[in-house]
Structure formats: structure tokens, C-alpha cells
Amino acid sequence: MNSVHLTEEKLQALADKAERTTALEMQHIANCMECRIKFENYQLINSTLQQLPQVAFDPDLADHIVAMVKPQRSAIHWAAFIAAILGGILVMVSTVLYGKQFFAFFIQLPYILRYFFALIPLSFISVQTVLFFLHHQQKMKTVKEKTDYLAT
Ligand SMILES: [Zn+2]
């Protein structure tokens, strides 16, 4: 019996069938329990790995990401849209009916109140714009975290 054990690399290569087994090596494996157990374990690992299902890249990944990036259509958006249309109609009708009275009233107001009435819609639009960008940024961050998670 050959007293020199086969190296781990040699046993792996033999179990892999990457290297041809020589008669001397086969004789050692047959006679040495320690090397035989290692050899059989490597063979078992190889056959188990081959039986594992092939992990395929999800072909729908791009669609999933696009779905995450796309703004979610919700009832709130439609309600806001309808409210904006009704508000626009109301403003137009009011302008036609009471435009002159309102202009006369507005002219009579002190300057400070005129600026005040002009600043309310402007500040509202500004705040909405900032909120929109913050929300968008948060959404992109979430998408990035999800894609990073999928990539690892
Ligand atoms: Zn051995």
C-alpha cells in the first residue's frame, strides 16, 4: 500500500474527471480508506452540483424595474385631475361673470395684500415642485436598492 496520500487538488481533479486516473492512483484510492472517502465525497459533490437546476437570469427583470420606476396610477391622481378641471372651469366662469368687479376690487387692495394673493399660488406651486422631486428621489433610491439587492 502506497503510504503517500493523494493531495486534495489531485482527488478533486480525479473526481472531476479533469485528470485521468492512473493505475497507481486507483490502487491507492481502493486501498486507502481516507483517500477513498474524500474521493467519493468529491464525486458526490460533483454529481449533486450537476443535478442542481440551472439558475437563469430573470428575462422579465427589465419589465419589473420599469414597473417600479413608472408612477403608479391611483384614484388620487384622477381625483386631483378632475378637481383641477372643475377649478379651471370655475375660474373661467367667475372671470367672465365677475372679472371687472374682481379687477376693481383687486386694484383697491393695498400693495401688501396684492403681493400676498400673488404669493399664495406661487408658494403652493413651489412646495408641490419640491415635494415632487423629493418623492421622485426617494423612489429612485428604492429602485436602486432593489436592483442592488438583485445584483448581489
Ligand atoms: Zn491515502
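1. Does Leu-11 count as buried or exposed? Leu-11 counts as buried, because 22 C-beta neighbours lie inside 10 Å, and the threshold for a buried residue is 20 or more. The residue is found in helix α1. This note begins from that residue and then turns to the rest of the structure, which is a predicted model.

2. On confidence, the protein averages a pLDDT of 85, and 93% of the residues score at least 70. Among the elements, α3 has the highest mean pLDDT, at 92, whereas helix α4, residues 61-69, has the lowest, at 78. Where pLDDT is low, the predicted coordinates should not be read in detail.

3. As to overall make-up, the protein has six helices and zero strands. Read from the N terminus on, the order of elements is therefore α-α-α-α-α-α. The radius of gyration is 38 Å, well over the 15 Å that the globule rule gives for 152 residues, so the protein is more spread out than a compact globule. Along its principal axes, the C-alpha trace spans about 115 × 30 × 20 Å.

4. The chain is divided into domain 1, covering 8-51, and domain 2, covering 61-151. The centres of these two domains, taken over C-alpha atoms, are separated by 70 Å. A pair of residues may be set beside that value: Leu-11 and Gln-101 are 90 residues apart in sequence, and their C-alpha atoms are 98 Å apart in space.

5. Buried residues make up 5% of the 152 residues in the protein. The largest nonpolar core has seven residues, namely Leu-6, Leu-11, Leu-14, Ala-15, Ile-29, Cys-35 and Phe-39. The elements that give two or more residues to this core are α1 (8-15) and α3 (33-51). The largest share, three residues, comes from α1. In soluble globular proteins, nonpolar side chains tend to be buried together.

6. Helix α1 deserves a point of its own. Its residues Leu-11, Leu-14 and Ala-15 are buried. They cover an arc of only 95° around the axis, which means that they lie on the same side of α1. An α-helix has 3.6 residues a turn, so residues three or four places apart point the same way. The buried residues of α1 pack against α2 (23-31) and α3. After α1 comes Lys-17, whose phi is positive, near 60°.

7. The contacts of two core residues may be read together. Not counting residues up to four places away in sequence, Leu-11 touches Leu-6, Cys-35, Lys-38, Phe-39 and Tyr-42. With neighbours within four places in sequence left aside, Ile-29 is in contact with Cys-35, Arg-36 and Phe-39. Cys-35 and Phe-39 thus appear among the contacts of Leu-11 and among those of Ile-29. For the protein as a whole, among contacts between residues at least 6 apart in sequence, 67% join residues at least 24 apart.

8. Where does Asp-60 lie? Asp-60 is found in the loop between α3 and α4. Asp-60 counts as exposed, because it has 8 C-beta neighbours inside 10 Å, and the limit for an exposed residue is 12 or fewer. Asp-60 and Asn-46 are 14 residues apart along the chain, and their C-alpha atoms are separated by 31 Å.

9. Ile-89 lies in helix α5, residues 75-108. Ile-89 is exposed, because it has 10 other C-beta atoms within 10 Å. The C-alpha atoms of Ile-89 and Ile-107, which are 18 residues apart along the chain, are separated by 24 Å.

10. To close, two readings can be set side by side. Leu-11, in helix α1, is buried and belongs to the seven-residue nonpolar core, whereas Ile-89, in helix α5, is exposed.

Definitions and conventions:
Residues are numbered from 1 along each chain as its sequence is written. This is a predicted model: local features need pLDDT of at least 70, side-chain atom pairs count only at pLDDT 80 or more; totals for chains, interfaces and linings use all residues. A nonpolar core is a set of buried Ala, Val, Leu, Ile, Met, Phe, Trp, Tyr and Cys residues joined through C-beta atoms within 7 Å. Helices (H or I, at least four residues) and strands (E, at least two) are DSSP runs, numbered from the N terminus. Two residues are in contact if their C-beta atoms, placed from the backbone, lie within 7 Å. Domain bounds come from an automatic or database domain assignment. The arc is that of the directions from the helix axis to the C-beta atoms. The radius of gyration is taken over C-alpha atoms; the globule rule is 2.2 Å times the number of residues to the power 0.38. pLDDT is the predictor's confidence in each residue, from 0 to 100.
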